[in-house]
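User: I would like to learn how to read a model like this one, feature by feature. Could you take me through it?

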Amino acid sequence: MITQHLPVLQVIVPLLTAPLCLLAQNRRFAWGASLAASGTAFLIAALLLAQTLEQGIISYELGGWSTPWGIEYRVDTVNAFVLLIVTAISSAVLVFAQRSVTREILSTRIPVFYAVYMLCLAGLLGIAVTGDVFNLFVFMEISALSSYTLIALSEQRRALTAAYQYLFMGTIGATFILIGIGLLYMMTGTLNMHDLSQRLPAVTATRTVETAFAFLTVGISIKIALVPLHLWLPNAYAYAPSVVSAFIAATATKVAFYVLLRFLFTIFGVSFAFKTMPLNLIFIVLALAAMFAGSIAAIFQDNIKRLLAYSSIAQIGYMILGISFASVTGLTAAILHLFNHALMKGALFLALGCVVYRLGMANMKQMRGLGRRMPWTMAAFALGGLSLIGVPLTVGFISKWYLVAGALERGWWPLAVAVLVASLLSLVYVWRVIEAAYFQAPLPAHNDETGEAPLSMLLPTWALILANFYFGIDTSLTVGVASSAAQQLLGVSE
Amino acid sequence: MSVLIGHYNYWIVIFLMMAGLYVVIAQGNLVKKIVGLNIFQASVFILFISMGKIEGGTAPIVKEGMSLYSNPLPHVLILTAIVVGVATTALALALVVRINEAYRSVEEDEIHEQDQSF
């Protein structure tokens, strides 16, 4: 039965599409093949999620080698949920990409773009699906190397330095993770996550395991762009082609966040991570720093892509705050926000992609009066902005609701206040864009051709915007899955 | 004393790791930074490889009279990590070539100046 092999197909489909795109050297074919692969991956992810909700954990032995010796692909509710959001965003972005890349990437490089995009997707899905820590490192490098390439495909020269900087930070982060994995292997003699989680308790009192924990946490934090390790992110998002910004902003940090969840909760276990090690205090401080520094920096940005990048740093703070509660509600909030933030940032970056398609760039100056020239695009941006702020009926509200509930449940009400104040800051930067677009006269330099973006770009943007509202109103799927994922991670039975 | 000599492989690893990181941070030349990154990665390779060594153990080939073998798995893992390292270096060098084409420089401060000026 083919359904038995779904976990591995999840990775293989995009991985094999990559060389196809490269060999065909044809733009249309490369686009069609990538979209088909991404759509298939989405279907597989949906099937996997349905299977895990029904039967629990799916374990797949790669090549028939039995665990813990062979590589195991292990899917539970947590990673099935991550797979679903990554493939959904990837498919929406690919629909958008067909027109968008013609403006932002040299036409001879477009087949290469799709090939690298597929590699990046395969890497991200591989990270999420694998149950083997070394395999995870390899997939992490596949996705990271391809995302550096994707950023450097932009025609702006600053993208090159941004990619170079990202490459250094990313490689240092990945090498830290590799050191951590090595130290864990030294103590336990296994690389399988499930096996690690069972063998670690016997040796947790050693310096080696504590060092491994530190290296892994720092390494993954670089990948997540947690303040103060976020310096690679603003330039990388700001100068990458719009489709790449949308894809990476919505998926790469989310998958890295999943890796953090996996290591902290599944492998080390909550009592080691938060009781033996004082991680929750560190995370609370860094999360607050991220929420405020990110939001305040976003207020002063002129380049709107950079503004959204800083806002991403702030949003990562919310997720880390959710983890630091180490409770079911807090973790539910973190996982919900992982999903919800992917939806809102994906939608906002796609809306900006429409602006860049028509105007060539997206600075505050270009936004003036754009509400009349590109009504659908700007309406999408405004609605996405509402979701980012966390207005009721949007997904942003749902995740903040759970975050505040988690803080109050612990009795840490100052943190709940901090979440609300940081949301007000996001109101400020979203309002700056809205004000420019709707209440300022357009620049005379705008030529009259500046009209609405093509339908093939508006449709995916609006699809994500509507998803922002759909999952903000009907939360049964997202909250249900997120809370059962949180319970699985904490080892609490339902 | 035994801490110093008995763990000499770790001291080498730590020295290389710090030297590599220092080069990455302190050097302004983009190519030299890549060299630093390579030293940093090489230190981790050595960490893994020395981990597999068992005192008195031989190469992991089944042969009569041999009962103690070194662990070959870390070596295999590091083979993969070396490939990843080579790919990273290649990509970084390719980026430096393109940066040099675009900015006519591989010095960090000069590139930064050009970015600020417009």
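User: Which residues does Gly294(A) touch, leaving out those up to four places away in sequence?

Analyst: Keep in mind that this is a predicted model. Leaving out residues up to four places away in sequence, Gly294(A) touches Val227(A), Tyr310(A), Ser311(A), Ile313(A), Ala314(A) and Gly317(A). Gly294(A) itself sits in helix H12 (residues 279-299) of chain A. With Ala314(A), 20 residues further along the chain, the C-alpha to C-alpha separation is 4.5 Å.

User: Is Gly294(A) buried or exposed, and why?

Analyst: The idea is to count neighbours: 20 or more other C-beta atoms within 10 Å make a residue buried. Gly294(A) has 27 C-beta neighbours inside 10 Å, so it counts as buried.

User: How do I read burial for a whole helix, say H21(A)?

Analyst: List the buried residues, then look at what they pack against. In H21(A) the buried residues include Thr478(A), Val479(A), Val481(A), Ala482(A) and Leu489(A). The buried residues of H21(A) pack against helices H3 (77-104), H10 (242-268), H14 (328-359) and H20 (455-473) of chain A.

User: What span should the 15 residues of H21(A) have?

Analyst: At 1.5 Å a residue, helix H21 (residues 476-490) of chain A should span 21 Å, and its end C-alpha atoms are 21 Å apart, which agrees. Just after H21(A) comes Gly491(A), with a positive phi near 70°.

User: Now the core. Which residues touch the most other members of the largest nonpolar core?

Analyst: As a general idea, nonpolar side chains tend to be buried together in soluble globular proteins. Here the largest nonpolar core has 235 residues, and Phe81(A), Ile151(A) and Ala163(A) touch the most other members. Among the contacts of Ala163(A), not counting residues up to four places away in sequence, are Tyr148(A), Ile151(A) and, from the other chain, Leu95(B).

User: That brings us to the contact between the chains. How many residues does each chain give?

Analyst: Chain A gives 21 residues and chain B gives 25. On the side of chain A that touches chain B, helix H5 (133-152) and helix H6 (158-188) each supply at least two residues. The largest share of that side, 13 residues, comes from H6(A). By type, the residues of this side of chain A are 13 nonpolar, five polar and three charged.

User: And how do I judge the overall form of chain A?

Analyst: Start with the elements: chain A has 21 helices and two strands. The radius of gyration of chain A is 21 Å, close to the 23 Å that the globule rule gives for 494 residues, so chain A is as compact as a globular protein of that length. Of those 494 residues, 64% count as buried. Among contacts in chain A with a separation of 6 or more, 79% join residues 24 or more positions apart.

User: What does the radius of gyration say about chain B?

Analyst: Chain B has five helices and zero strands. Its radius of gyration is 20 Å, well over the 13 Å from the globule rule for 118 residues, so chain B is more spread out than a compact globule. The C-alpha trace of chain B spans about 70 × 35 × 15 Å along its principal axes. Buried residues make up 26% of chain B.

User: Finally, what are the confidence scores for the chains and the model?

Analyst: Chain A averages a pLDDT of 92, with 98% of its residues scoring at least 70. For chain B the mean pLDDT is 90, and 97% of the residues reach 70 or more. The model scores ipTM 0.94 and pTM 0.95. Among the elements of chain A, helix H15 (residues 364-367) has the lowest mean pLDDT, 84, and H5(A) the highest, 96.

Note on methods. Residues are numbered from 1 along each chain as its sequence is written. Chains are lettered from A and ligands numbered from 1 in the order in which they are written. This is a predicted model: local features need pLDDT of at least 70, side-chain atom pairs count only at pLDDT 80 or more; totals for chains, interfaces and linings use all residues. Helices (H or I, at least four residues) and strands (E, at least two) are DSSP runs, numbered from the N terminus. The expected span of a helix is 1.5 Å times one less than its number of residues. A residue is buried if 20 or more other C-beta atoms lie within 10 Å of its own, exposed if 12 or fewer, and partly exposed in between; C-beta atoms are placed from the backbone. Two residues are in contact if their C-beta atoms, placed from the backbone, lie within 7 Å. Ala, Val, Leu, Ile, Met, Phe, Trp, Tyr, Cys and Pro count as nonpolar, Asp, Glu, Lys and Arg as charged, and the others, Gly among them, as polar. A nonpolar core is a set of buried Ala, Val, Leu, Ile, Met, Phe, Trp, Tyr and Cys residues joined through C-beta atoms within 7 Å. pLDDT is the predictor's confidence in each residue, from 0 to 100. The radius of gyration is taken over C-alpha atoms; the globule rule is 2.2 Å times the number of residues to the power 0.38.
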